[in-house]
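Let us walk through this structure step by step. Keep the sequence and the 3D view side by side as you read.

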Amino acid sequence: MPKTETTPGTEAAAPRTRLRWWTELPLILLVYACYSAGRLFARGETDGAVDHGLAILRIEKFLHINAEHPLNRLFTREAWLGVPADFWYASLHYLVTPAILIWLFRARAVHYRAARTWLMTSTFIGLIGFTLLPTCPPRLLSAGHGFVDTMAQYSSYGWWGGAASAPKGLAGMTNQYAAMPSLHVGWALWCGVMLWRYGRTRTTRVAAVAYPLLTTIVVMGTANHYFLDAVAGAAVMGVGLFLTPYMMRVADLIRAQLPFGAGGSQVAGSSIVSAGCQTSTGERFPRQRESRAGSGAPPSASPTDAGEGAPAAAR
């Protein structure tokens, strides 16, 4: 069972902060359901979403950072790149992110709560971005802007259709204009940070750098996001990281007000950790002190204090 690290003198407080999978799993599923529902219902006006997408594209062209154009042409021309990229975009953020959460919960439990709070906080910030700034992705712009929807082009290879990574026939179950910010990139960056900080091998360090970098290339090459969408995804994670300690404090305050939270506090606040037995360092049995008292020495005296010739306490 994963437990948080404790410092000497705080062992009694550990049960209050111990996390259990049967409480964590529903919480994560609830947050993901809210995220999915938010993406579904945060539908902006189509004309406004297209205008936002074109505005981003104009800014990128002005700054000469529209890397999505050459990448999309490459993925469109080379199926051996385009097809794996489509599978990457459609599946890995659903697999890698939960896998790293589980790994942290089991192997790095002391860091899990902060990491989970960072991910969830950033996700909700991204949802606000989808709501306030609906953005048409490059793949949905008119053909004159030079983009090809690689997921539609290679749809025969996978389960998706012409609606990004949504399964065929379920295009109406997703928001096609949730491009800004790119949480594909944001979540990949979170995964990379977790692997870099808590991984112990060279392989995890390489994956920590490669995964967010390749994800950024994939979301642009498949024409699902602009470069500035990726930048915004990284910025959202930065804001989420800044807010994480404050969110954890708020969660602690709310927990303290709940009935079961108050009960846990009372148990945690007790200074007796040995079920009422008065023991001292080195004692193995609760009644050992009485035996020492019966030997003629004061209860707190050591054998030296009782005299060199004092008989040893019965054991």
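**From a buried arginine outwards**

Arg113 has a relative accessible area of 18%, so Arg113 counts as buried. Buried here means under 20% relative accessible area. Keep in mind that this is a predicted model.

What does the side chain of Arg113 meet in a salt bridge? The partner is the side chain of Asp252, with 2.8 Å from N to O. Arg113 belongs to helix H6 and Asp252 to helix H10, so this pair ties together parts that lie 139 residues apart in sequence. Asp252 is partly exposed, because its relative accessible area is 30%.

Asp252 also has a second partner. Its side chain meets that of Arg255 in a salt bridge, again listed at 2.8 Å from N to O. Arg255 and Asp252 are three residues apart in helix H10, so about one helical turn separates them. Arg255 has 30% relative accessibility and therefore counts as partly exposed. Through shared partners, salt bridges join Arg113, Asp252 and Arg255 into one network. Side chains of opposite charge can pair when their charged atoms come close.

How many salt bridges does the structure hold? There are four. One of them joins the side chains of Glu78 and Arg77, at 3.7 Å from N to O. Arg77 is exposed, with a relative accessible area of 56%. Glu78 is partly exposed, at 26% relative accessibility.

Now turn to the nonpolar interior. In soluble globular proteins, nonpolar side chains tend to be buried together. The largest nonpolar core here has 23 residues. Which of them touch the most other members? They are Ile100, Leu104, Trp190 and Met194. Five helices give two or more residues each to this core: H5 (79-107), H6 (109-132), H8 (183-198), H9 (202-221) and H10 (227-257). Helix H8 provides the largest share, eight residues.

Take Leu104 as a place to look around. Leaving out residues up to four places away in sequence, Leu104 touches Ala109, Tyr112, Ala115, Trp190, Met194 and Tyr198. Try selecting these residues in the viewer.

Next, look at Thr204, which sits in helix H9. A polar atom of the Thr204 side chain lies 2.7 Å from the backbone oxygen of Thr201. Thr204 also touches Leu195 and Gly199, again not counting residues up to four places away in sequence.

Helix H10 offers another stop, Val239. The C-alpha atoms of Val239 and Ser122 are separated by 7.1 Å, although the two residues are 117 residues apart along the chain. Val239 is partly exposed, with a relative accessible area of 41%.

Nonpolar side chains also appear on the surface. Ile59, Phe62 and Leu63 make a nonpolar surface patch of about 350 Å². Ile59 lies in helix H3, which covers residues 46-63. Its relative accessible area is 44%, so Ile59 counts as partly exposed.

Finally, turn to the backbone. Most residues other than glycine have a negative phi, and most peptide bonds are trans. Where does the model show a cis peptide bond? It joins Met180 and Pro181, with omega at about 0°. Pro181 is in the loop between helix H7 (150-153) and helix H8.

Two residues that are not glycine draw attention through phi. His64 has a positive phi of about 60°. His64 lies in the loop between H3 and helix H4 (68-77). Ala223 has a positive phi of about 65°. Ala223 lies in the loop between H9 and H10.

Are these two residues buried or exposed? His64 is exposed, at 70% relative accessibility. Ala223 is buried, at 0% relative accessibility.

To retrace the route, start again at the network of Arg113, Asp252 and Arg255. Then find Leu104 within the largest nonpolar core. End at the cis peptide bond between Met180 and Pro181.

Definitions and conventions:
Residues are numbered from 1 along each chain as its sequence is written. This is a predicted model: local features need pLDDT of at least 70, side-chain atom pairs count only at pLDDT 80 or more; totals for chains, interfaces and linings use all residues. Side-chain values use heavy atoms; hydrogens and water are left out. Patches are made of residues with over 30% relative accessible area and no salt bridge: like charges are joined within 9 Å, nonpolar side chains (Val, Leu, Ile, Met, Phe, Trp, Tyr) within 5 Å. Accessible areas come from the Shrake-Rupley method with a 1.4 Å probe; for residues, only the protein chains shown count as cover. Helices (H or I, at least four residues) and strands (E, at least two) are DSSP runs, numbered from the N terminus. Buried means under 20% relative accessible area, exposed over 50%, partly exposed in between (1.4 Å probe, protein chains only). A nonpolar core is a set of buried Ala, Val, Leu, Ile, Met, Phe, Trp, Tyr and Cys residues joined through side-chain atoms within 4.5 Å. Contact means heavy atoms within 4.5 Å. A polar contact is a pair of N or O atoms within 3.5 Å; within protein, one must be able to donate a hydrogen and the other to accept it, and residues adjacent in sequence count only if both atoms are side-chain atoms.
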